[in-house]
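Colleague: Got a minute to walk me through a model I've just opened? I'm new to it.

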Amino acid sequence: MSGGIRVTVEFPAPPVCPIADLSERANTTISDVSTSVAAPDANCVTEFLVDADAVPEDYGDPVFEYADRHLYRVTHDADADCPCVCLGEFETPVDRFFANAGDLEVVFHARDFEELQTIVGEFRDRYPEVDIQRLVRAPTGGTSRDTVFVDRGTLTERQLEALQTAYDMGYFEKPRGANATDVADELDITASTFTEHLAAAQRKLFADVLEEDA
């Protein structure tokens, strides 16, 4: 049985997101967010904390005032074209919410690949610029380690070809079955070009494994 998948998705300047909009207007980052997910045809309510000095005067009154931050609440209409509302249609809450300069990043959990594919497909239909940043499968088999999904789609065709050819020719074995010149000759490129392709590909793949930005 699948242990579920943690998904990180980025929406560059989503057309309807009051929190992303405020992050741009206030030139601040909003990450302390809680969202109540509603069933279809109901409203979704979100509360979030913002630095008190960052909020524009015309934004409205906070629900609660802390010493240096204010708590605000927004209600998303059930038919609003907002990522949170979209997730709510699948009864899937937002685990982590990060808005900065108008862009939005959310983390949520899918029960399995079928649910993940359905949600991501809906995202792509509604938000063409959506970027699937990271997929992490829950640990299975009694191990505490995460299984990280590496997105080969971030590699160019040439980078993937260089990586595959190097692997097939034993470039990564010890002792090596082929050196950089051998692989480059097979690819009909120079050795320096091969190493550039390989370095770029490895950096992208390592970024996924280490959960860092490439």
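Colleague: How far is the sulfur of Cys-84 from the closest cysteine sulfur?

Modeller: Keep in mind that this is a predicted model. The closest cysteine sulfur is in Cys-82, and it lies 4.6 Å from that of Cys-84. That is too far for a bond, because a disulfide needs the two sulfur atoms within 2.5 Å.

Colleague: And how many disulfides does the count come to?

Modeller: Zero disulfides by that rule. Cys-82 is in none, with the sulfur of Cys-84 as its nearest cysteine sulfur.

Colleague: Are those two cysteines buried or exposed?

Modeller: Cys-82 is buried, with a relative accessible area of 0%. Cys-84 is buried too, at 2%.

Colleague: OK, new topic. What is the chain built from?

Modeller: Six helices and ten strands. There are 214 residues, and 38% of them count as buried.

Colleague: How much accessible surface does the chain have?

Modeller: About 12500 Å², and carbon and sulfur atoms account for 45% of that.

Colleague: What about contacts between residues at least 6 apart in sequence?

Modeller: Of those, 60% join residues that are at least 24 apart.

Colleague: Let's look at strands. Which residues are on the covered face of β7, and which on the uncovered one?

Modeller: β7 covers residues 96-100. Phe-97 and Ala-99 make up the covered face, while Arg-96, Phe-98 and Asn-100 are on the uncovered one.

Colleague: How many bridges join β7 to β8?

Modeller: Five, and the two strands run antiparallel, with β8 spanning residues 103-110. Phe-98 has Glu-105 as its bridge partner in β8, and Arg-96 stands opposite Val-107.

Colleague: What do β7 and β8 form, and what's in the turn?

Modeller: They form a hairpin with two residues between the strands. Ala-101 sits in that turn and has a positive phi of about 55 degrees.

Colleague: Which other strand pairs with β7, and in what sense?

Modeller: β2, residues 29-30, pairs with β7 in the antiparallel sense over two bridges. There, Ile-30 stands opposite Ala-99, a residue from the covered face of β7.

Colleague: Back to β8. Is that strand mostly covered or uncovered?

Modeller: Mostly covered: six of its eight residues are buried.

Colleague: And how many bridges are there between β8 and β1?

Modeller: Seven, again in the antiparallel sense, with β1 running over residues 5-11. In that pairing, Val-9 has Val-106 of β8 as its bridge partner.

Colleague: So β8 pairs with both β1 and β7. Thanks, that helps!

How values were computed:
Residues numbered from 1 in each chain as written. Predicted model: local features only at pLDDT ≥ 70, side-chain atom pairs only at ≥ 80, totals over all residues. Heavy atoms only, no water. Buried < 20%, exposed > 50% of the residue type's maximum accessible area, 1.4 Å probe, protein only. Helix = DSSP H or I, 4+ residues; strand = E, 2+ residues; numbered from the N terminus. Contact = heavy atoms within 4.5 Å. Areas by Shrake-Rupley, 256 points an atom, 1.4 Å probe, with all protein chains shown as cover. Pairing = 2+ DSSP bridges.
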